[in-house]
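This report walks through a single protein chain. Keep the structure open while reading.

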Amino acid sequence: MGRIADIRAHRKATRNPLAESEKPFTDEQEALVRSALDDERILSGQIWGELRVFLAVAKAKSFSRAAEMLGTSQPTVGRQVKRLQDVMGSQLFISTQHGVRLTPKGRELAKSLSDLDHRLFALTNDLRAESQGTAGQVRISVTDGLNTFFLAPALTDFSRQFPKIQVHLKSPLNVMSLRENKTDMMLGFSPDGSADITSKRLGKLHFIPVASKGYIKKNGLPTRTNLDRHFFVDSEMYGAQTGLWEPWRNCTSQGTILHRCDNSFAYGMLVKAGVGIGLLGSYTIIEREAMPLEIMQTISVPLYALALTERLNAKPVRLAFDWICDIFGTNNPWFANEFRADVKSSGYDAGFKMLFNLE
């Protein structure tokens with residue numbers, strides 16, 4: 001409860017600095033300085049249960065799927081949504097052949113409820129953590145590849161050290177926005193200047209062109225002068241018109257883009273299977289089949305740990321934040337500020353070696 005006391009003290013310290021003789025009212029005038037909690041009315045009316053059902057339908061995009069999520073029946077879900085629409089006097093869903101679609105009013109309501117749902121989760125998790133010491137759930141958004149190769153394998157040691165902290169690893173819905181992911185923190189690729197979000201610069205993720213030994217055996221060694229005879233696997237991820245990916249696009253424009261793939265694991269498998277040259281994280285050269293190519297300069301992308309600043313006051317969240325900062329910081333040789341092709345084996349490689357049985 002120390003944080004609540006600090007907030008109250010801050011509010012008291014920052015109140016109107018007018019001299020007492022200039023103040024039209026005083027803090028002791030209870031009839032004039034009441035808070036919203038002193039108002040006995042529930043302004044939203046008796047629809048809180050219906051709002052929870054509505055949010056489930058908005059997320060599931062199906063009445064039947066929402067019923068499964070809530071452990072109730074589809075008719076019950078339909079009745080509660082109808083009651084909510086009647087009370088609000090507005091249509092929230094449109095039925096289609098593929099389920100239900102939110103109307104503009106419905107989308108606006110769903111966005112507000114989703115934000116509220118996340119805040120309620122954070123609040124209840126913090127209260128639980130305060131009563132149980134270093135315990136609670138922490139939700140982290142991180143891309144699938146970095147999650148699999150680095151974060152998930154390190155979770156064993158983290159859990160051994162903090163057995164009461166439950167980590168929920170999630171694939172990001174939005175690689176640019178922590179808020180859209182509705183998680184406590186995320187591993188991002190750019191800082192967030194919002195006042196309520198903490199951004200910490202970590203290491204750099206280095207992308208290099210890679211081909212499999214099987215591809216080279218079949219098509220020859222790619223060089224800067226013979227790319228017109230080679231095949232590439234491309235991804236939408238490398239399509240941002242920022243200039244960063246220009247070296248890769250220069251290469252693909254000289255050859256033939258055979259396939260495109262936006263799933264990181266499938267993309268890597270296409271390269272390993274010898275389908276074409278791909279742009280992969282430098283750590284993939286641990287794999288014996290992978291051959292780094294000298295056809296372009298390395299593309300290095302800064303990594304950032306982003307977290308809701310208020311959530312960092314909860315000890316489990318702060319511990320998890322420090323944990324990902326260590327894993328993806330410059331102490332990890334794969335994320336050093338400068339790309340190195342001669343990285344020596346370290347404990348950070350455990351996940352990659354485990355996945356590909358390289359021990």
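## Helix α6 and its kink

The bend at a residue is the angle between two fitted axes, one for the seven residues ending there and one for the seven starting there. This model is predicted. By that definition, α6 has a kink of about 35 degrees at Leu 151. The proline Pro 153 follows shortly after the kink.

How far apart are the end C-alpha atoms of α6? They are 24 Å apart. The helix has 18 residues, so at 1.5 Å a residue it should span 26 Å, and the two values agree. Buried positions in α6 are Gly 145, Leu 146, Asn 147, Phe 149, Phe 150, Leu 151, Leu 155 and Phe 158. Leu 151, where the kink lies, is thus listed among the buried residues. An α-helix has 3.6 residues a turn, so residues three or four places apart point the same way.

## Overall make-up

The protein has 359 residues, and 41% of them are buried. Its secondary structure comprises 12 helices and 11 strands. The accessible surface is about 21000 Å². Carbon and sulfur atoms account for 53% of that surface.

Contacts were also sorted by sequence separation. Take those between residues at least 6 apart in sequence: 72% of them join residues at least 24 apart.

## Aromatic pairs

The structure has 16 aromatic pairs. One of them joins Phe 150 and Tyr 283: the ring centres are 5.1 Å apart and the planes stand at 90 degrees, so the pair is edge-to-face. Phe 150 belongs to helix α6 (residues 144–161), while Tyr 283 sits in the loop between β9 (278–281) and β10 (290–292). The pair therefore ties together parts that are 133 residues apart in sequence. Phe 150 and Tyr 283 are both buried.

A second edge-to-face pair is Phe 232 with Trp 248; it counts as such because the planes meet at 80 degrees, with ring centres 5.6 Å apart. Phe 232 is in strand β7 (residues 231–234) and Trp 248 in helix α9 (residues 246–254), so this pair links parts 16 residues apart in sequence. Phe 232 and Trp 248 are both buried. Elsewhere, one aromatic cluster is formed by Phe 149, Phe 150, Phe 265, Tyr 283, Phe 328 and Phe 335.

## Ile 327 against α6

Ile 327 is in helix α11 (residues 315–327). Is Ile 327 buried or exposed? Its relative accessibility is 4%, so Ile 327 counts as buried.

Which residues does Ile 327 contact, leaving aside neighbours within four places in sequence? The list is Phe 150, Leu 151, Ala 154, Asn 332, Phe 335 and Tyr 348. Leu 151 lies 176 residues from Ile 327 along the chain, yet their C-alpha atoms are separated by 7.3 Å. Leu 151 is also the site of the kink in α6. Phe 150 and Phe 335, both contacts of Ile 327, are members of the aromatic cluster.

## Two strand residues

Leu 258 is in strand β8 (residues 256–260). At 39% relative accessibility, Leu 258 is partly exposed. Leaving aside neighbours within four places in sequence, Leu 258 contacts Phe 231, Phe 232 and Val 275. Leu 258 and Phe 231 are 27 residues apart in sequence, with a C-alpha to C-alpha distance of 5.9 Å.

Gln 137 is in strand β3 (residues 136–141). Its relative accessible area is 18%, so Gln 137 is buried; the cut-off is under 20%. The side chains of Gln 137 and Gln 166 are joined by a polar contact of 2.5 Å.

## Positive phi and helix α2

Helix α2 has 13 residues and reaches 19 Å from its first C-alpha to its last, close to the 18 Å expected. Its buried residues are Glu 50, Leu 51, Val 53, Phe 54, Leu 55, Ala 56, Val 57 and Ala 58. Lys 61 follows α2, in the loop between α2 (48–60) and α3 (63–70). Phi of Lys 61 is near 60 degrees, a positive value in a residue other than glycine.

Lys 182 also has a positive phi, near 55 degrees. Lys 182 lies in the loop between α7 (178–181) and β5 (185–188). Its relative accessible area is 13%, so Lys 182 is buried.

Key:
Residues numbered from 1 in each chain as written. Predicted model: local features only at pLDDT ≥ 70, side-chain atom pairs only at ≥ 80, totals over all residues. Heavy atoms only, no water. Helix = DSSP H or I, 4+ residues; strand = E, 2+ residues; numbered from the N terminus. Buried < 20%, exposed > 50% of the residue type's maximum accessible area, 1.4 Å probe, protein only. Polar contact = N/O pair within 3.5 Å; in protein donor to acceptor, adjacent residues only side chain to side chain. Phe/Tyr/Trp six-rings, centres within 6.5 Å; stacked < 30°, edge-to-face > 60°. Contact = heavy atoms within 4.5 Å. Areas by Shrake-Rupley, 256 points an atom, 1.4 Å probe, with all protein chains shown as cover. Expected span 1.5 Å × (residues − 1).
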